[in-house]
Amino acid sequence: MKALTRSAGPRRVLFAIGTLVLMATSACASAPATSNNPMPPAPEPAASTQSKVPLSTVESLRQLIDNHQLTEVRTTYNSTYGASLLFRPETLGYYVVLFHGKEFWRVMQTDSFDDAESLYRTFVSQTQTLGQVEIDTMRLDAGNKYAEHMIAVNQAKLRSLQQDANNQQQQAQQVAAQQEQAHQQAVALSSDLHNTNAQLDAVKQQIRALETMQSNPNLVLPTPAPATTAAPTPQPNQPPAASP
């Protein structure tokens, strides 16, 4: 009997402890969450998760670019049009973009590098076609502006040459007038020089004659003038003498 009594005592204790644990667990489950009794928040209803609108491909791409999660593989520009091949290392995915200016026009996503390369080449070809019009317009506009500039430059050069030609013509007329005046003056001076030389020669002859006369030691007397005979006076009533 004593043995049975001893064995029954511990069993009752264990049963009582188990009952208390179960009561405490049920009380905690029924009690509201407080600061003294923290509980994990209940999950949000399924309706709230379904209300979120997924980002578009363009918006998702912009967000990845802003977060520096993409690596640029290739980019081609044709005027304001361009195509880019971007790689996302985290997901091993590729984005192929066709853009105009700073706006994304078309964005395509793929996990295949071959498909991404094919899409990129297609977009590059489209940028060449789309950008050719802008390139031609740019070249034609630049050509017109260059031609207008060259017209202005050549017109200024033409005005300068015309002014130079006018100045040269005026100078030529002035030189011609000065040449004519100088020619006339030269003719007059030549005549004066001829007369002056003649006078000089006459004076030199007189000087030489005087010098010759003065250097002669012989006395030279002037030749006397011949005597003149007077005609006889005729007598009255006498015929004149006949001439022999």
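The following exchange goes through the assignments made for this predicted model.

User: Why is the pair of Tyr81 and Trp105 called tilted?

Analyst: The ring centres of Tyr81 and Trp105 are 6.4 Å apart and the planes make 45 degrees. Centres within 6.5 Å count as a pair, and a plane angle that is neither under 30 nor over 60 degrees counts as tilted, so 45 degrees gives that label. The structure holds four aromatic pairs.

User: What makes this pair a link between parts apart in sequence?

Analyst: Tyr81 belongs to strand 2 (residues 81–88) and Trp105 to strand 4 (residues 103–110), so the pair ties together parts that are 24 residues apart in sequence.

User: How do you know whether Tyr81 and Trp105 are buried or exposed?

Analyst: Tyr81 has a relative accessibility of 12%, and the limit for buried is under 20%, so Tyr81 counts as buried. Trp105 has 48%, which lies between 20% and 50%, so Trp105 is partly exposed.

User: Which residues form an aromatic cluster?

Analyst: Phe87, Tyr94 and Phe113 form one such cluster.

User: What makes up the largest nonpolar core?

Analyst: The largest nonpolar core has 10 residues: Ala83, Leu85, Phe87, Tyr94, Val96, Leu98, Ala116, Tyr120, Phe123 and Val124. They are grouped because a core is a set of buried nonpolar residues joined through side-chain atoms within 4.5 Å. Strand 2, strand 3 (93–100) and helix 4 (113–215) each give two or more residues to this core, and helix 4 gives the most, with four. A second, separate core of eight residues includes Leu64, Leu86, Val97 and Phe99.

User: Which residues does Leu85 touch beyond four places in sequence?

Analyst: Among them are Val73, Tyr94, Val96, Phe113, Ala116 and Tyr120.

User: Why are strand 1 and strand 4 called edges?

Analyst: Four strands form an open sheet in the order 1-2-3-4, with antiparallel pairing. Strand 1 (71–78) and strand 4 each have a single partner strand, so one side of each is left without a neighbour in the sheet. Neighbouring strands are turned by 15 degrees against each other on average, direction ignored.

User: How do you know that strand 3 and strand 4 pair?

Analyst: Strand 3 and strand 4 share seven bridges in the antiparallel sense. Pairing needs at least two bridges, so the two strands qualify. Within this pairing, Tyr95 has Gln109 of strand 4 as its bridge partner.

User: Which helices lie across the strands?

Analyst: Helix 3 (residues 57–66) lies across strand 2, strand 3 and strand 4, at about 90 degrees to strand 4. Helix 4 lies across strand 1, strand 2, strand 3 and strand 4, running at about 160 degrees to strand 2.

User: Why does Ile65 count as partly exposed?

Analyst: Ile65 is in helix 3. Its relative accessibility is 34%, and partly exposed covers values between 20% and 50%, so Ile65 falls in that class. Leaving aside neighbours within four places in sequence, Ile65 is in contact with Leu70 and Phe104. The C-alpha atoms of Ile65 and Leu86 are separated by 9.7 Å, with their positions 21 residues apart along the chain.

User: Where does helix 4 bend, and which of its residues are buried?

Analyst: Helix 4 bends by about 35 degrees at Gly131. Gly131 is also one of the buried residues of helix 4, along with Ala116, Glu117, Tyr120, Phe123, Val124 and Thr127. The cover over the buried residues of this helix includes strand 1, strand 2, strand 3 and strand 4.

Methods:
Residues are numbered from 1 along each chain as its sequence is written. This is a predicted model: local features need pLDDT of at least 70, side-chain atom pairs count only at pLDDT 80 or more; totals for chains, interfaces and linings use all residues. Side-chain values use heavy atoms; hydrogens and water are left out. Rings of Phe, Tyr and Trp (its six-membered ring) pair if their centres lie within 6.5 Å; planes under 30 degrees apart count as stacked, over 60 as edge-to-face and the rest as tilted. Buried means under 20% relative accessible area, exposed over 50%, partly exposed in between (1.4 Å probe, protein chains only). Contact means heavy atoms within 4.5 Å. Axes are lines fitted to C-alpha atoms, for helices over the stretch in contact, and angles run from 0 to 180 degrees between N-to-C directions. The bend at a residue is the angle between axes fitted to the seven residues ending there and the seven starting there.
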